[in-house]
Amino acid sequence: MIKSIQGKVLFTLVLFFVCIVLFVADMATGPADMGVLKILQIVFHRHGEGNERIIVMGIRIPVALMAVVVGASLSLAGCLLQTMLNNPMASPYSLGISSAAGFGAAITIVFSFGLSFVDKDIAIALNALLCSLAASGVVYALSSWKQASPEAFILIGIAVLFTFQSLLSAVEYYASPEDLQGITFWLFGSLSKATYPKIAIISSMFLVSFCFVMRNAWVLTAIRLGEARAEALGINLKYFRLKIFFVVSMLTSVAVCFVGIIGFIGIIAPHISRLIIGEDHRILLPNSAFLGAIILLLSSIISKVILPGAVFPIGIVTAVAGIPMFLFIILFNRKTRLWH
Amino acid sequence: MALKIQNLCLGYGRKRVLENLNVVFRKGVTCLHGRNGAGKSSLLRAIFGLVNAHGEIFHNGKIIDRAFIRDEISYIPQSAQAVSNISVFDVVLLGNVFSLRFMVAEEIKEKAESILSALGIRHLMHHPVSALSGGEKQMVFLAQALIKNPKVLLLDEPASSLDIYNQIKVMKMLRQLKDLIVIVAAHDLNLPIKFSDEIVLLNNCNVVYQGAPEFFDNALVEKIYQVKSHPVCENGVRGFLYTDIVDDAFPPIQRPFPRG
């Protein structure tokens, strides 16, 4: 763990630069062979032939930007959730938000819900968003109704998770083979359908949430002293917990509805940040957001390199590459105990 | 300067914990005694507004509200384990959590440092609080409680996990705080007699004794705690030596099923 505040800020700045480097590297990888220099020329001097320009401006940049905003959103959401529930296992996905999104996408694909009004792509995203917001609403309502403790919060989330998973299975049971394929691909998670409007929506959601939580950074730090101590500092925990949960569910729902289920970032990135930075949320929050972006950019690069000429589903890459790293950190880190 | 509690009623479910409690806490250290479940912690939590209680609480004649509690009352809960990597300095700053800005003002930092020096733990400033001993942790939380310059300080069994050296140290420290109403829930009877200005004894949902520690006598201890106690007095230092429980208070435990 870095002790001095200068060191922590410096480390966060380093992550920021790594993020920029990986962003460029991500732009430079892909089936059409283009070097970094050429990419930069196209971006800054608007050189390049028609096709190359279209590839860079229409595919490469949106995908890389999407990786940054989605990675940052999921990681920030995970970090907030772990702090507020004082539980290392909490992640945006363990509260059922993602399985609800999967269910929303599946009913659109199978039953053509809402297809008469909008394009299929948008209909899937909208239904996924609605379902995940509904799932968050259920968790929120049940927890605020009985003023749930952190443990009850997680258990309610798990109940919602299993409910939507079974509903998803039921939809899959009725689906035709083609639809089933569509559902499976959506569940894999993919950045390839990135467009600028989607990025604008996710990033504005991220920025609003980020500003809100940074204003409350000290309160979040205080919560990590334990429930009793936080209450003794005059923090209305139940009220604050619901506020943070609202932010988390918005962040996750908006990110997941456009890219599908990209797992594990919400757990890995905040854990690594917490190990290095400690509990000062003024720095921990931006730090884990950067780290989330970095991990998703790396996964995006790997997913493009692994199968020449095609894009491997990024959700699989994050989980497969992330899990060994995660286990390594947990098993070989005996020095600092992070959680009670 | 006084904290006046009037007609306070408090219960959990059907169980009454405090009933029509009337008590006045004055400047200085008041020790709150009573058996387990007598309502010591509940009274402190009620003053801090953490539990819903009926009744009125006045400070200098004015009913206290949320803003007063937030700005003027500090509460240290019973030593909940703090296993967190937050540095001692940050923990102290958190005492002022609602007035902290993103960049902490220099004056708040200076104040935190001066309080840490006064309590003799300035050298631990950059250590994570999880690495400290029980006594040091208690000092850190005392510093945290003092940073907002409270008018009332509530401590729930501050000495419960400390060795006798640290128990005395904490009580002496509390004694030195000037112009402050300090209310300490405690189990030990001997240190409060020496280090407190007043003793309040709770039993059966109400106050059964309030007065100077000098007049807190052995008969009362025996009656309320159902123990056999012997007064000790040597060179002007008073205390109690409790040796046994009163027999009929706890009938011998019988095994429901005989062995074998």
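# Asking how we know

Visitor: Which classes of residue make up the lining of the largest cavity?
Guide: There are 7 nonpolar, 3 polar and 2 charged residues in that lining. Keep in mind that this is a predicted model.

Visitor: What makes a space a cavity, and how many cavities of 30 Å³ or more turn up in the whole structure?
Guide: A cavity is a space where a 1.4 Å probe fits but cannot get out. The search of the whole structure finds 2 of 30 Å³ or more. The largest has a volume of about 80 Å³. Its lining includes Arg229(A), Tyr75(B) and Lys148(B). Two or more lining residues come from each of these elements: H10 of chain A, and strand S6 (73-76) and helix H5 (134-146) of chain B.

Visitor: And the second largest cavity: what is its volume?
Guide: About 30 Å³. Among its lining residues are Ile76(B), Gln138(B) and Val170(B). H5(B) gives the most to this lining, with 3 residues. By class, the lining holds 6 nonpolar residues, 1 polar and no charged.

Visitor: What makes a space a pocket instead, and what is the volume of the largest pocket?
Guide: A pocket is an open set of points, whereas the probe cannot get out of a cavity. The largest pocket has a volume of about 1,000 Å³. It is lined by 32 residues, and those nearest its centre include Asn236(A), Phe48(B) and Arg66(B). H11(A) supplies the largest share, 6 residues. The classes are 18 nonpolar, 7 polar and 7 charged.

Visitor: How do you know that Lys304(A) and Asp26(A) form a salt bridge?
Guide: Put the distance next to the cut-off. Their side chains meet at 3.1 Å, N to O. A salt bridge needs a Lys or Arg side-chain nitrogen within 4 Å of an Asp or Glu carboxyl oxygen, so this pair counts. Lys304(A) lies in helix H13 of chain A and Asp26(A) in helix H1 of chain A, so the pair ties together parts that are 278 residues apart in sequence.

Visitor: Why are Lys304(A) and Asp26(A) called buried?
Guide: Buried means under 20% relative accessible area. Lys304(A) is at 13%, so it counts as buried. Asp26(A) is at 0%, so it counts as buried too.

Visitor: What about Glu198(B) and Arg26(B): how do you know that they form a salt bridge?
Guide: Their side chains meet at 3.3 Å, N to O, and the limit is 4 Å, so they pass. Glu198(B) sits in strand S9 and Arg26(B) in strand S2 of chain B, 172 residues apart. With 14%, Glu198(B) is under the 20% cut-off, so it is buried. Arg26(B) has 43%, which falls between 20% and 50%, so it is partly exposed.

Visitor: What makes Asp197(B) and Arg175(B) a salt bridge?
Guide: Their closest N and O atoms are 2.9 Å apart, within 4 Å, so the pair qualifies. Asp197(B) is partly exposed at 35%, and Arg175(B) is partly exposed at 36%.

Visitor: Why is Val14(A) called partly exposed?
Guide: Its relative accessible area is 42%, between the 20% and 50% cut-offs, so "partly exposed" is the right label. Val14(A) is found in helix H1 of chain A.

Visitor: What makes Val14(A) fit in a nonpolar surface patch?
Guide: Patch residues need over 30% relative accessible area, and 42% clears that, so Val14(A) passes this step. Val14(A) shares the patch of about 760 Å² with residues including Ile5(A), Phe16(A) and Ile20(A).

Key: Residues numbered from 1 in each chain as written. Chains lettered and ligands numbered in written order. Predicted model: local features only at pLDDT ≥ 70, side-chain atom pairs only at ≥ 80, totals over all residues. Heavy atoms only, no water. Patch = residues over 30% accessible without salt bridge, like charges linked within 9 Å, V, L, I, M, F, W, Y side chains within 5 Å. Areas by Shrake-Rupley, 256 points an atom, 1.4 Å probe, with all protein chains shown as cover. Helix = DSSP H or I, 4+ residues; strand = E, 2+ residues; numbered from the N terminus. Buried < 20%, exposed > 50% of the residue type's maximum accessible area, 1.4 Å probe, protein only. 1 Å grid on protein atoms, 1.4 Å probe; cavity = no way out; pocket = protein on both sides within 12 Å on 5 of 7 lines; lining within 4 Å. Points joined across faces, edges and corners; volume = space filled by probe spheres on them. Nonpolar A, V, L, I, M, F, W, Y, C, P; charged D, E, K, R; others polar.
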